[in-house]
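Me: I am new to this structure and should be grateful for a close look at a single part of it. Please describe that part in one connected account, together with what lies around it.

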2 protein chains.
Amino acid sequence: MALAHKGLAHQTRAIKFTEADRIAFSGQGKVPVLVDGETTVHDSWAIACYLEDAYPEAPSLFGGDPARMLTFFVNHWVDRSLQAALSPILAPCVYDAAHADDKAYYRETREARYGRSIETLRGERAQRLPALDRALEPLRARLEDSPFVCGDAPAYGDYLVFAEFQWARCVSPDDPLTEDERNRHVRAWRERMLDLFDGLARAMPAYADEA
Amino acid sequence: MALAHKGLAHQTRAIKFTEADRIAFSGQGKVPVLVDGETTVHDSWAIACYLEDAYPEAPSLFGGDPARMLTFFVNHWVDRSLQAALSPILAPCVYDAAHADDKAYYRETREARYGRSIETLRGERAQRLPALDRALEPLRARLEDSPFVCGDAPAYGDYLVFAEFQWARCVSPDDPLTEDERNRHVRAWRERMLDLFDGLARAMPAYADEA
């Protein structure tokens, strides 16, 4: 979505968890990795900053340096609050959806990360939902005021929050957003995000469509 | 701190919880209330936006409209995540520190808000600290990268986060930031905030100084 926002033509390649060798040229083993001519950048925040600085004439991802610094706060909120609450809920779904080649790797690394088995995580789903509900509070409040996190139009702060919902949409049969009135604005924002760039995110198959 | 940032001369008046009649002219009963000539503004976010728009030549509180929208997210994170975790911990301290005229009012309203007695809240302190620790995660991560939430220099996003620590500093004998290495950058940032504007915040008596 950052590339689409910048209007930059690109190709994407998905890799399996166990194919880190395919991105070894980046000097590390995690996605995303961006290759732009002679330049290779890894880490989503570093990629966003690279795109902003390398293509300053294209629509801004941040809206200036002060907004970039604050978007970095939103990035950390996503990683350490929203994703921290969501990822143990989604881990059993990712395990189920993982390619056969990846299942053993995924189980081993996530069971070490969370200190419990995939099956235990599956059984803990209901008791973990209240923490996710609390983590969503700042987003709920923000979207009561504006159509997008970044204001009247979407920017990188929206894409990085939306990525969590897109992840859930692709791997899980369950909506992380309950149907109640409190989530009305967040659900409406999510639909707007799915509509952006001619439905770029919506074109990615949802778990519900696949099932 | 927003007024100091803008370089605006001002006087402050503290009021007791039970003196809402003194701000009834604002059309409501909560602080802060700003009076600027013929204009009265209440609500801290509305006041920040008023100051930014009424004094555009003075140093910016946000750094442009995109940053203002993202600062509003930080504002909501403070209210709904950081303050939500901190306020039940501080409530017994505020009760102890409250003026005799205010104690009954404070007890009644806070016991209704939290659904438990001041004494129960006091006993729950230790069990509430882990939620506060988790709530601080995005701030910890942000301050690993920059001296201030807003980047190389402080702005409104710093003042609204710092307000929570200043509140704790003034009413509580206990530091909400544990001494461990993980909070090193947040503690250093807090010292920088206390130093700003010739020690404006440090001049407010700390509970530890009073005791």
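Reply: Two residues are said to be in contact here when they have heavy atoms within 4.5 Å of each other. The model is a predicted one, and the part chosen for this account is helix α3, in its copies in chain A and chain B.

By that rule, α3(A) and α3(B) meet. From α3(A) come A:Pro66, A:Ala67, A:Leu70, A:Thr71, A:Phe73, A:Val74 and A:Trp77. On the other side stand B:Pro66, B:Ala67, B:Leu70, B:Thr71, B:Phe73, B:Val74 and B:Trp77 of α3(B). Sorted by class, the contact of α3(A) with α3(B) comprises twelve nonpolar residues and two polar ones, with no charged residues.

A pair of packed helices is described by the angle between their axes and by the distance between those axes. For α3(A) and α3(B), the axes come within 8 Å and cross at roughly 30°. The crossing of α3(A) and α3(B) is left-handed.

Helix α3 also takes part in the cavities of the model. The count comes to two cavities of 30 Å³ or more. The largest cavity holds about 50 Å³ of space. In chain B, α3 (65–97) and α6 (125–135) each supply at least two residues of its lining, and α3(B) gives the most, with four residues. The lining is made up of B:Leu86, B:Ile89, B:Leu90, B:Cys93, B:Arg125, B:Leu132, B:Ala168, B:Ser172, B:Asp174, B:Asp175 and B:Pro176. Seven of these lining residues are nonpolar, one is polar and three are charged.

The second largest cavity holds about 30 Å³ of space. It is lined by A:Leu82, A:Leu86, A:Leu132, A:Leu136, A:Glu164, A:Phe165 and A:Pro176. Here the elements that give two or more residues to the lining are α3 (65–97) and α8 (156–171) of chain A. Its lining has six nonpolar residues, no polar ones and one charged residue.

Helix α8 leads to a further feature, this time in chain B. Over all chains there are 20 aromatic pairs. One of them joins B:Trp45 and B:Tyr156 in a tilted arrangement, at 6.0 Å centre to centre and with 55° between the planes. This pair links distant parts of the chain: B:Trp45 belongs to helix α2 (residues 44–54) and B:Tyr156 to helix α8 (residues 156–171), 111 residues apart.

Methods: Residues are numbered from 1 along each chain as its sequence is written. Chains are lettered from A and ligands numbered from 1 in the order in which they are written. This is a predicted model: local features need pLDDT of at least 70, side-chain atom pairs count only at pLDDT 80 or more; totals for chains, interfaces and linings use all residues. Side-chain values use heavy atoms; hydrogens and water are left out. On a 1 Å grid over the protein atoms alone, a cavity is a set of points where a 1.4 Å probe fits but cannot get out, and a pocket is an open set with protein on both sides within 12 Å along at least five of seven lines; lining residues have an atom within 4 Å of a point. Grid points are joined across faces, edges and corners, and a volume is the space filled by probe spheres set on the points. Ala, Val, Leu, Ile, Met, Phe, Trp, Tyr, Cys and Pro count as nonpolar, Asp, Glu, Lys and Arg as charged, and the others, Gly among them, as polar. Axes are lines fitted to C-alpha atoms, for helices over the stretch in contact, and angles run from 0 to 180 degrees between N-to-C directions. A crossing is left-handed if the near helix is turned anticlockwise from the far one by less than a right angle, and right-handed if clockwise. Rings of Phe, Tyr and Trp (its six-membered ring) pair if their centres lie within 6.5 Å; planes under 30 degrees apart count as stacked, over 60 as edge-to-face and the rest as tilted.
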